[in-house]
Amino acid sequence: MSSEFVQLEVADSVATIRLDRPKAMNAISLQVQAELRAVAAEVSERSDVRAVVLWGGEKVFAAGNDVKEMADMSYTDMVDHVEGVQGAVTAIARIPKPVVAAVNGYALGGGCELAMAADVRFAAENAVLGQPEVLLGIIPGAGGTQRLPRLVGPSKAKDLLFTGRFVKADEALAIGLVDRVLPAADVYPEALAWAARFVNAAPYALRAIKESVDRGLEADLETGLQIERQHFAAAFATEDSTTGMRSFIESGPGKATFE
Ligand code: HXC
C-alpha cells in the first residue's frame, strides 16, 4: 500500500514512522489510520527493523483525530470509525519492538493517544499534550481513558480528561506523561539514538519483555507472573540466550551482539 500521509524510512535498522499531513496539523483521518495500521504491520514483520521512532516532524506531532471528518458522522458511522482508530493505535502499541515517540509541538486528542501507544516518549520543550475531547462534547476514543490513567494515575488523568486542558512539557514530565524533555532540535536525534541502542540487542528478549510488561499490566499479579514465567522459559529455546550467556562467560558482561 502506498502511503500519502504516513512516511516510513529505515536507516541502520531503525524505522522512523513519520506523520506527514502538515496542512491539517497531522490530523488523524480515516486514511491516516489505515496507513498507520499498514505501517505498523510492516515494521512488525520486517527483520531489518529492530526499533522504531514515531514522529510527526519538527512542528507538530498530531492535533488529534480529524475533527472536520468526524463532525458529520452518525452513531453508526462512529461504531466502525472508533474501531478503526483504536485499531491503528493498538497496532502501534503492539509493534513487538521498542518504540519511542518523539513529540515536537502539539500532541492532542488522538495525537496524545498515539504517543501513549509508544513505549517511551521524548518531548520538546515546546511540546503541548492533552486530551481536549471534552471541549468538543465527546470523549477520547483511541485509548485515552485507559492509557492515560495507567501512565499518570487515575486522579491526574481525570483532571486532564475532565478539563481538556493543555499540558506543557515540564508538567508532562512531572506527571510521567513523557519521559524526557529536550530542546526541540534534539528530540528526534535523541529518539533515534535511544532506538539505535537496540539494533544489536536480543530481539526475542525485547519482544518478551514488552509483552510481559504490557500484558501483565492488564492482568492480576499471579497472571502477570505466569506470563513472565512462560516468556522466561521460552527465552531458553532461543539462540540469543545461548549467545548471551556464552558471551558473558567468555568475555564478561554486555559484550554480546545478537542477529
Ligand atoms: C482537523 C485540524 C485539527 C484537527 C487542527 N486542524 N487540528 N483539522 N482536525 N484535530 C487544522 C485547522 O482546522 C487548521 O486548518 C489547521 O489545522 C491549523 O490549525 P489552527 O487551529 O489554525 O492552528 P493554531 O491556531 O496554531 O491552533 C493549533 C491547535 C488547534 C491548538 C492544535 O488547531 C486545535 O485546538 N486543534 C484541535 C485539537 C483537538 O481538539 N483535538 C482532539 C480532536 S478529537 P485550516 O484549513 O483552517 O488552515 C480526537 C478524538 C480521538 O482526537 C478519538 C477518536 C475516535
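Aspartate 12 counts as exposed, at 70% relative accessibility. In this predicted model, aspartate 12 is found in the loop between strand E1 (6–11) and E2, and its phi is positive, about 50°, although the residue is not a glycine. Asparagine 26 offers a second case: this residue, again not a glycine, has a positive phi of about 60°. Asparagine 26 lies in the loop between E2 and H1 and, with 2% relative accessibility, counts as buried because the limit for that class is under 20%.

The loop between strand E2 (14–19) and helix H1 (30–45) also holds methionine 25. Methionine 25 is partly exposed, its relative accessible area being 38%. On the surface, Met25 joins Tyr106 and Phe166 in a nonpolar patch, and together these residues have about 280 Å² of accessible area.

Turning to the interior, the largest nonpolar core has 47 residues, and those with the most contacts inside it are Ile17, Leu36, Phe61, Ile92, Leu114 and Leu177. Apart from it lies another core of 19 residues, with Val100, Leu182, Trp194 and Val199 among them. Leaving aside neighbours within four places in sequence, isoleucine 92 is in contact with Ile17, Leu36, Ala40, Leu54, Leu114 and Ala117. One of these partners, alanine 40, lies in helix H1 and is buried, at 2% relative accessibility. With neighbours within four places in sequence again set aside, alanine 40 is in contact with Ala91, Ile92 and Ile95. The C-alpha atom of alanine 40 is separated by 8.3 Å from that of arginine 94, although the two residues are 54 residues apart along the chain.

Histidine 81, in helix H3, is likewise worth a look. Its relative accessibility is 4%, so histidine 81 counts as buried. Beyond its neighbours within four places in sequence, histidine 81 is in contact with Leu30, Gln33, Asn65, Met70 and Met73. Between histidine 81 and glutamine 33, which are 48 residues apart along the chain, the C-alpha separation is 9.6 Å.

Helix H9 (residues 203–217) allows a simple check of geometry. At 1.5 Å a residue, its 15 residues should span 21 Å, and this agrees with the 21 Å between its end C-alpha atoms. Buried residues in H9 are Leu206, Ala208, Lys210, Ser212 and Gly216. Their cover includes helix H3 (75–93), strand E4 (99–103) and helix H10 (221–235).

Charged side chains complete the picture. Side chains of opposite charge can pair when their charged atoms come close. The structure holds 12 salt bridges. Arginine 46 meets glutamate 42 in a salt bridge, at 2.9 Å from N to O, and forms one with aspartate 48, where the closest N and O atoms are 2.8 Å apart. Glutamate 42 is partly exposed at 35% relative accessibility, arginine 46 is partly exposed at 27%, and aspartate 48 is partly exposed at 34%. Another salt bridge joins glutamate 218 to arginine 150, with 2.9 Å between the closest N and O atoms. Glutamate 218 lies in the loop between H9 and H10 and arginine 150 in helix H5 (residues 144–152), so this pair ties together parts that are 68 residues apart in sequence. Glutamate 218 counts as exposed, at 52% relative accessibility, whereas arginine 150 is partly exposed, with a relative accessible area of 46%. Finally, a network of salt bridges links Glu9, Arg18 and Asp20.

Technical notes:
Residues are numbered from 1 along each chain as its sequence is written. This is a predicted model: local features need pLDDT of at least 70, side-chain atom pairs count only at pLDDT 80 or more; totals for chains, interfaces and linings use all residues. Side-chain values use heavy atoms; hydrogens and water are left out. Patches are made of residues with over 30% relative accessible area and no salt bridge: like charges are joined within 9 Å, nonpolar side chains (Val, Leu, Ile, Met, Phe, Trp, Tyr) within 5 Å. Accessible areas come from the Shrake-Rupley method with a 1.4 Å probe; for residues, only the protein chains shown count as cover. A salt bridge is a side-chain nitrogen of Lys or Arg within 4 Å of a carboxyl oxygen of Asp or Glu. Helices (H or I, at least four residues) and strands (E, at least two) are DSSP runs, numbered from the N terminus. Buried means under 20% relative accessible area, exposed over 50%, partly exposed in between (1.4 Å probe, protein chains only). The expected span of a helix is 1.5 Å times one less than its number of residues. Contact means heavy atoms within 4.5 Å. A nonpolar core is a set of buried Ala, Val, Leu, Ile, Met, Phe, Trp, Tyr and Cys residues joined through side-chain atoms within 4.5 Å.
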